[in-house]
Amino acid sequence: MNAIASTRDFITRNMRQSGILVAFVAIVALFAALNPMFLSPTNLTNIVLQYTYILILAIGMLMVIVAGQIDLSVGSVVALTGAVSAVVVIKNGMPWWAGVLAALVVGLLVGAWQGFWVAYVGIPGFIVTLAGMLLFRGLTYVVLDNVSLSPFGGTYYDIANGFLNGLLGGYGVDTFTLVIFAIAVVGFGVSQWRSRQGRIAYQQSVESMPLFVLKLVVLAAVVMWFAYQLASSRGLPVVLIILAVLTIVYALVTQKSVFGRHVYAIGGNQHAAELSGVKVKKINFWVFVNMGLLASVAGIVYSSRVNSAQPGAGNMFELDAIAACFIGGASTSGGVGRVGGALIGGLIMAVMSNGMQLMGVPTSIQPIVKGLVLLLAVAFDIYNRRRAAALR
């Protein structure tokens, strides 16, 4: 009975995240039942390759939303940075790393430009980034001279299309991929154990030990199954390593750093944060610089994936990134959200897109479904906040 009570309490206290996980599992199960190819190694690999750039954008967008802002320009920044890379690598014949470096510099400059207007001039982020969406899209056309550039080829192409396979051998199943995922599972388990012990030391409530162990076992089983599917296909995608590094870094930044705590403080109550000594203008500035940087990373990944730079690239990417954050638990009022939740929200969007494509759902219907999911996610967020306020 104690375990049952603990489980109920644990789910109640974490209803927002629990609901997201249940929804994600249900959507995966639905598409797997409707199409046996959905969980095949080839299709799972394709999901990783096709939607990683949205997850990268979602990480940056989460910090913007937590700070109580919004960024509507990231799709145009993806196009612009990809265009700059193409001009450097394809048109001027420079090394792949020069294109990557040029894109990152442009992303930082874009973030600094928008951060200046938001933080130091005081124009709302919605207006600044709406202007940026138009400005950077126009610059993309100028940089590309209204034509597409392709192909990148070589190492640049491998950023989003390359695999690490056969480094440790294996007969049809890449051992290296399994080892990397096993290390990740062990590391996560150790992190969760230390976090649990820390909460106990501070006399905070934690889930029961059976529930804690069950959670880790189930997660480990799912992750290793996913690793086996990748290992059975083409191995470990390079782009998945990039995403994993970004996830770890930004999870630490948001949860363990002073900067991260200040971002949450500003989003929760900006006036109180100012009175507490938080440098609101500086933090907001760097939040947008960070978004510009991650948008440039997404631009590199996307242009590498499609092996070209196009004036219309990145169209509607900002809405996918915003939807991923809200579906993943970010609050519309700021101050609430986690990197893991944003990634789950992005995966829900990716799974729905891929599943509907496999089922042959018309392109005109797919955005309708995505819009309804976003609307329900925000409605659920509002319901939870009202219920929490009523219980106070």
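Buried means under 20% relative accessible area, exposed means over 50%, and partly exposed covers what lies in between (1.4 Å probe, protein chains only). These exercises use a predicted model, in which local features need pLDDT of at least 70 and side-chain atom pairs count only at pLDDT 80 or more, while totals for chains, interfaces and linings use all residues. Residues are numbered from 1 along each chain as its sequence is written, and side-chain values use heavy atoms, with hydrogens and water left out.

**Exercise 1. Classify Phe 126 and describe the nonpolar patch that Phe 126 belongs to.**

Step 1. Start with the class: Phe 126 counts as partly exposed because its relative accessibility is 46%.

Step 2. Place Phe 126 in the fold: the residue lies in helix 6. Helices (H or I, at least four residues) and strands (E, at least two) are DSSP runs, numbered from the N terminus.

Step 3. List the patch: Phe 116, Tyr 120, Val 121, Ile 123, Phe 126, Ile 127 and Leu 130 make a nonpolar surface of about 600 Å². Patch residues have over 30% relative accessible area and no salt bridge; like charges are joined within 9 Å and nonpolar side chains (Val, Leu, Ile, Met, Phe, Trp, Tyr) within 5 Å. A salt bridge is a side-chain nitrogen of Lys or Arg within 4 Å of a carboxyl oxygen of Asp or Glu.

Step 4. Find the supporting elements: helix 5 (96-121) and helix 6 (125-144) each supply at least two residues of the patch.

**Exercise 2. Describe the overall build of the protein chain.**

Step 1. Count the elements: there are 16 helices and 2 strands.

Step 2. Check compactness: the radius of gyration is 21 Å, close to the 21 Å that the globule rule gives for 392 residues, so the protein chain is as compact as a globular protein of that length. The radius is taken over C-alpha atoms, and the rule is 2.2 Å times the number of residues to the power 0.38.

Step 3. Add the extents: the C-alpha trace spans about 70 × 60 × 40 Å along its principal axes.

Step 4. Turn to the surface: the protein chain exposes about 18,800 Å², and carbon and sulfur atoms supply 69% of it. These areas come from the Shrake-Rupley method with a 1.4 Å probe; for residues, only the protein chains shown count as cover. Of the 392 residues, 45% count as buried.

Step 5. Look at contacts (heavy atoms within 4.5 Å). Among those between residues at least 6 apart in sequence, 79% join residues at least 24 apart.

**Exercise 3. Inspect the backbone at Asn 146, Pro 151 and Gln 203.**

Step 1. Recall the background: most residues other than glycine have a negative phi, and most peptide bonds are trans.

Step 2. Take the loop between helix 6 and helix 7, where Asn 146 lies. Asn 146 has a positive phi of about 65° although it is not a glycine, and with a relative accessible area of 54% Asn 146 is exposed.

Step 3. Pro 151 is also found in the loop between helix 6 and helix 7 (154-161). The peptide bond from Ser 150 to Pro 151 is cis, with omega near -10°.

Step 4. Move on to Gln 203, in the loop between helix 8 (175-201) and helix 9 (209-232). Here phi is positive at about 60°, and Gln 203 is exposed at 76% relative accessible area.

**Exercise 4. Work out the surroundings of Ser 304 in helix 13.**

Step 1. Locate the residue: helix 13 covers residues 280-306 and holds Ser 304.

Step 2. Assign the class: a relative accessible area of 0% makes Ser 304 buried.

Step 3. Find the neighbours: not counting residues up to four places away in sequence, Ser 304 touches Tyr 156, Tyr 157, Asp 158, Ile 159, Ala 160 and Asn 161.

**Exercise 5. Analyse the aromatic pair of Phe 181 and Phe 226.**

Step 1. Fix the criteria: rings of Phe, Tyr and Trp (its six-membered ring) pair if their centres lie within 6.5 Å; planes under 30 degrees apart count as stacked, over 60 as edge-to-face and the rest as tilted.

Step 2. Search the whole structure: 12 aromatic pairs are found. In one of them, Phe 181 and Phe 226 stand 6.0 Å centre to centre with 70° between the planes, an edge-to-face arrangement.

Step 3. Trace the link: Phe 181 in helix 8 and Phe 226 in helix 9 are 45 residues apart, and the pair links distant parts of the chain.

Step 4. Compare burial: Phe 181 is buried at 12% relative accessible area, whereas Phe 226 is partly exposed at 21%.
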